[in-house]
Amino acid sequence: MKEKAKILDQEGISRAITRIAHEIIEKNKGTAGLCVIGIRNRGVYIAQRIAECIKKIEGKEIETGALDITLYRDDLALASGQPRVRKTEIDFDINEKNLVLVDDVLYTGRTIRAALDALIDLGRPRSIQLAVLVDRGHRELPIRADFVGKNIPTSNKESVEVCLQESDGSEEVLIAERQ
Amino acid sequence: MAWTKKDLLGLEYLSPEEIELILDTAESFKEVSTREIKKVPALRGKTAVNLFYEPSTRTRVSFEVAAKRLSADVINIATETSSVRKGETLIDTGKNIQALKADIIIMRHNYSGAANMLARALDISVVNAGDGWHEHPTQALLDIFTLKEKLGKIKGLNVAIVGDIAHSRVARSNIWGLTKLGANVTLCAPEMLLPVGIELTGAKTSSNIDEVLKKADAVNVLRMQFERDEGTAFPEQLDYFKKFGITEERLAKAKKDVVVMHPGPINRGIEMSSEVADGKNSVILEQVTNGIAVRMAVLFLVSQAREAKNEHID
């Protein structure tokens with residue numbers, strides 16, 4: 001991987017997450033029935049940060065969960081690197097809730113398709129909205145995000161790397177050339 | 001790390017890291033069985049065949065439940081009513097199942113090494129559900145998973161395996177798995193049921209159950225397999241219960257939180273008393289629940305590996 005450009009730094013990530021939190025509250029007219037569920041791995045950390053922001057703004061705790069989509073992937077049969085199955089941890093009833101699904105990067109949309117199937121096996125939420133830190137385009141399925149931290153036009157030869165303190169020890173979003 | 005083996009034949013053949021990978025994967029799968037819809041699509045379109053040459057209810061049903069919760073299709077072959085009765089060899093049966101485009105054979109066989117032989121002859125996955133006196137890897141994995149869940153770790157634990165060591169594939173798989181993960185294993189049985197040379201596995205032996213129980217963090221009580229009795233090695237049932245049976249009196253002298261396990265089916269009043277089997281130290285039914293998660297992990301991992309390998313060959 002050859003690093004080409006830094007798209008977001010620590011402040012940039014923090015501002016994007018704060019803005020997403022505000023937009024979620026605005027769209028849902030408050031926090032009633034609201035919960036955020038992050039897709040493993042990095043989506044979980046972003047979801048927790050969104051929940052913290054919402055708490056700061058509205059003064060109300062909202063439920064958060066972690067979703068592992070490995071078992072729902074459409075490329076399990078051809079995945080070259082073997083995906084590690086991790087735990088889904090959603091300790092509350094999702095029926096009739098307004099769920100905000102959170103991931104770090106939105107690309108082909110296949111991860112989100114898998115996540116929607118996984119969620120619907122757990123219950124029937126009132127609505128599911130999608131929040132992503134980065135939308136890099138190149139969708140292969142009819143899926144779009146409701147809340148986007150930053151739109152980054154990319155080529156298919158590039159990769160977008162999101163680094164978070166919790167998983168990577170640094171805070172930045174980079175574009176790199178695939179080699 | 002990635003899983004590379006198309007088969008699960010025994011814990012003897014696995015590295016500590018591979019055993020840990022199965023246990024970690026099983027931990028993730030455990031949540032699936034707590035859902036209202038207890039099913040994930042991971043093995044959709046795959047076929048698993050239960051091929052059992054020995055009677056078994058709990059292991060066969062456990063594998064069937066595990067495969068179905070992964071969305072695989074399951075076919076049960078009871079050999080008493082199959083072409084095996086007409087003299088078909090094991091390899092021929094296996095090749096026929098492979099020709100049906102099944103993906104995984106889960107086999108129980110009364111000959112030690114049968115699963116290894118079948119795995120070598122076939123391209124599809126073979127999961128050993130017990131072969132003779134050799135290994136029963138998924139039973140040991142679920143025992144170890146349950147222990148780890150109860151006591152938080154395996155390394156450094158004192159684990160006693162009590163009973164019919166000589167005829168027990170469960171004991172052998174447990175010895176391999178536990179010693180690889182750093183536990184101290186003591187085998188406790190009448191001398192006639194302790195095979196010569198078993199210490200070479202790294203396990204200690206003893207015929208004094210009360211001494212062994214004092215130090216044990218966990219005791220895995222094996223079933224006395226009277227159906228394998230050839231009339232020489234086995235003590236009288238009542239005599240065995242008196243000398244080795246796990247009773248409340250014996251347990252009172254053990255550590256307070258000692259974990260009591262049994263692979264089932266229990267002979268109540270022979271290996272252990274009913275009070276112990278149903279008592280607060282017993283995790284016997286949790287073992288059954290954990291068996292599903294462990295077998296889901298095994299079926300998932302072997303099917304992943306086989307595809308990785310086929311992709312490589314293409």
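User: Which residues of helix 2 of chain A does helix 1 of chain A meet?
Analyst: This is a predicted model. Helix 1 of chain A spans residues 10-28, and helix 2 spans residues 42-58. From helix 1, the residues in the contact are A:I17, A:T18, A:I20, A:A21, A:H22, A:I24 and A:I25. In helix 2 they meet A:I46, A:R49, A:I50, A:C53, A:I54, A:I57 and A:E58.

User: How many residues of the contact of helix 1 with helix 2 of chain A are nonpolar?
Analyst: Two residues of this contact are polar, and two are charged. The nonpolar ones number 10.

User: At roughly what angle do the axes of helix 1 and helix 2 of chain A cross?
Analyst: Helix 1 of chain A passes helix 2 in a right-handed crossing. The axes come within 9 Å. They cross at roughly 65°.

User: Which residue in strand 8 of chain A is the bridge partner of A:K6?
Analyst: Strand 1 (residues 2-8) of chain A runs antiparallel to strand 8 (residues 172-177), with five bridges joining them. Strand 7 (residues 158-163) is also antiparallel to strand 8, through six bridges. There, A:E161 stands opposite A:L174. The bridge partner of A:K6 is A:L174.

User: Why do the buried residues of helix 3 of chain B line one face of the helix?
Analyst: The buried residues of this helix include B:T93, B:G94 and B:I97. Seen down the helix axis, the buried residues line one face because they fall within an arc of 100°.

User: Which exposed residues does the face of helix 3 of chain B turned away from its buried side carry?
Analyst: The cover over the buried residues includes strand 1, strand 3 and helix 4 of chain B. The face turned away from the buried side carries B:N96 and B:A99.

Note on methods: Residues numbered from 1 in each chain as written. Chains lettered and ligands numbered in written order. Predicted model: local features only at pLDDT ≥ 70, side-chain atom pairs only at ≥ 80, totals over all residues. Pairing = 2+ DSSP bridges. Helix = DSSP H or I, 4+ residues; strand = E, 2+ residues; numbered from the N terminus. Axes fitted to C-alpha atoms, helices over the stretch in contact; angles between N-to-C directions. Left-handed = near helix turned anticlockwise from the far one by under 90°. Contact = placed C-beta atoms within 7 Å. Nonpolar A, V, L, I, M, F, W, Y, C, P; charged D, E, K, R; others polar. Buried ≥ 20, exposed ≤ 12 C-beta atoms within 10 Å, placed from the backbone. Arc of directions from axis to C-beta.
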